[in-house]
Amino acid sequence: MRYQLIGVNHKSAPLEVRERLAIPESRLPDCCRDLTAHPGVEEGMIISTCNRVEMITHTTNGSADLRGFLHDHFHLTAAELDAHLYEFREKDAVRHLFRVASSLDSMVVGEAQILGQVKEAYATARAVGTVRGQLDQLFTRAFAVAKRVRSETAVGSSSVSIASVAVELAKKIFGTLQGKTVFIVGAGKMSELAARHLMAHGCASIFVANRTYERAIGLAQRFNGQAIKFDDLYNSCDRADIVITSTGSPHAIFRREHGEQFLSRRKNKPMFFIDIAVPRDVSPEMAKLDGIFAYDIDDLQQAVSSHVADRRHEAELAEAIISSEVERFEARLHTLDVVPTIVSLQDHLETIRQAEIDRVRGRMGPLTPDQEMAVEALTRGIINKVMHTPITTLKTAAREAEATTVIDVVRRLFNLHDKSDTPPEKKNEVGTRQ
Amino acid sequence: MSLLWLRFALACYFIGLIYAFFALSRTSDLFSRIALHAASLGMVFHFVSLVELFLSGHVVWASVHNGESLLAFFSMTFFMIIYAIYKTTSPGVVVFPIVFFLTFVAAVDEQPVLSTSFVQHKGWLVAHIILIFTGYAALVLSFGASLLYLLQERRLKAKKPSSLISFLPALEVIDQIGYRSLLLGFPFMTLGLITGSIVAMSTYGHVDFADPKILLSILMWMVYMVMVFTRWNSGWRGRRAAVLATFAFVAAVVAWAANYFSTIHRFAAS
């Protein structure tokens, strides 16, 4: 496991630094090639989004000079760059990548976009051939981990912006927003955004009332809605299920008597007021009415922040998943490493055994079945005893950092070759020679 | 034998009962699935129990406890219909305890069998019982829904962020469940009372309006009518509807309890 990762993100580096490191999509393939051309780098790929630039590599000795690559490639001095960089190796690099793919390292934890971006970066690097076996394994796992985090925790489930909290609240009241009517009182950026969200979730029609009628018309046109004269507000407001209000009025414009009037005209069907005006447009007295649900900006803000808190809790669960996945990945890598050695060790000794038995048979002539069995058991016993310690040592070493050393030693001691580059005849030869 | 099946059903409903208590404080998909499966299994046992009862040949429909069993079964049926339409088990919070209670009482012991031989028209009697119980079951659901409505309304009004995450369906969905149960139950209740009067007329020649059972039934029916009317006319829901529903429910329970006092509607020959 000789993974190395270097990069900057929104936490480690200010926008000015990230800007200088950002790599446009068109240059990504070339950049990947440059990265793998850097001394010590075997495989490499680059994730470049507005919040992060990261180079993930698999290196020959686990300590390639990736900082040097960044300095050269972006023409930045160590003084300018190094303070903002983070660098991870081996297990830490794996963990970091898992966290990034699972959107735990994102500015908005749990946002879904990052996984797509990582996948794109992966596809690009794969296409230019800078991602092969090692990184391939790592990323396949990272995607699986991201999926697991998404399905086993609620990290990605709650929405965070005020507009989407408003939508969620509306859904808690009305169930479906299909066919509901929205009334915007006081045209503004925020209310427009909220309305857009509501429409996206199925709200059917929209009314707009504004002190300046022209602005109401303008906004209504954008939504294919209907502009209402401000004076008609109280007469038409009861038609709306959801009212987004954000006027600059110094006093509440919706008072208790209005609420009562609306409710009686609506046969007490509930109304949802999203009051984003400061000072508030909906009087607290009116909000107390049965069937009127009024949320002011603070209520919404609170809902948003509680979502963030929920996410934090879920993020802890996700971190636990990631830790266990990192362990699993590491264990699997190592086990994969030792398995071929064990197999070729077994093959090797078995070849020797067979060759020796054949030789004995040649000298002594055919054996009786009993003798045959005895010889078989005897030789097998010896071989198993001889193999026992090396194999257990290999298996134990697989879980530790020294795996590669042990593998090397065993291979050298027993003169083992990679299965792929040792044709069977050659193996026999090795056997008979001894 | 029928009683044994009923006890099996009771055990299943018990899981539902536990769910009802837990669901108020926390949300668990797994638990609600378990409760749902347990409840379905309970209904199967329950159904077997009712069929056996029917096949046993005695017309024991009119025993108090068999009636309770039947009512519990109808309530569960309504619950399942609601689940099929709205995919929510939350009415179970109210329905499960009631069903459990009814089944529990019904499963306690063998019943003294009522001699209904003096009833002239058995068909009317059976119709009366089935109609009334369907009406009752709808009332149970509607009562449950109105309580849930209150709960959800309070959560939304409290504006505590945690209230956003709750097992309760949307306010309007709860409202619809309640209203539809109410609308569905009303004709059954009405027809049930009419068939009841027919049975009484044909048996005694008159309807004794001074009988507590009949008085209470009429009171319950009137409250029921007021509920349907206020709902239809001015869309009463929330607190006011819940008060009415509770009132109707209590009246129904008392009317049921009056079986023990009423002279003409008494089941077990005393």
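Here are a few notes on the nonpolar cores and two loop residues of this model.

1. Bear in mind that this is a predicted model, where local features need pLDDT of at least 70, side-chain atom pairs count only at pLDDT 80 or more, and totals for chains, interfaces and linings use all residues. Residues are numbered from 1 along each chain as its sequence is written, while chains are lettered from A and ligands numbered from 1 in the order in which they are written.

2. The largest nonpolar core (buried Ala, Val, Leu, Ile, Met, Phe, Trp, Tyr and Cys joined through C-beta atoms within 7 Å; buried is 20 or more other C-beta atoms within 10 Å, exposed 12 or fewer, partly exposed in between, with C-beta atoms placed from the backbone) has 139 residues. V208(A) and A248(B) have the most contacts inside it. Helix α5 of chain B, residues 122–158, gives this core its largest share, 18 residues. Helices (H or I, at least four residues) and strands (E, at least two) are DSSP runs, numbered from the N terminus.

3. Who sits around A248(B)? Leaving out residues up to four places away in sequence, A248(B) touches L139(B), M220(B), V223(B), Y224(B) and M227(B) (contact: C-beta atoms, placed from the backbone, within 7 Å).

4. Apart from the largest core lies another, of 44 residues, including I46(A) and L104(A).

5. N224(A), in the loop between α10 (213–222) and β7 (226–229) of chain A, isn't a glycine, yet its phi is positive, near 60°. N224(A) is exposed, with 9 other C-beta atoms within 10 Å.

6. Over in chain B, K87(B) lies in the loop between α3 (64–86) and α4 (92–108). Phi of K87(B) is also positive, near 55°, and K87(B) counts as exposed, with 9 C-beta neighbours inside 10 Å.

Key. Contact = placed C-beta atoms within 7 Å.
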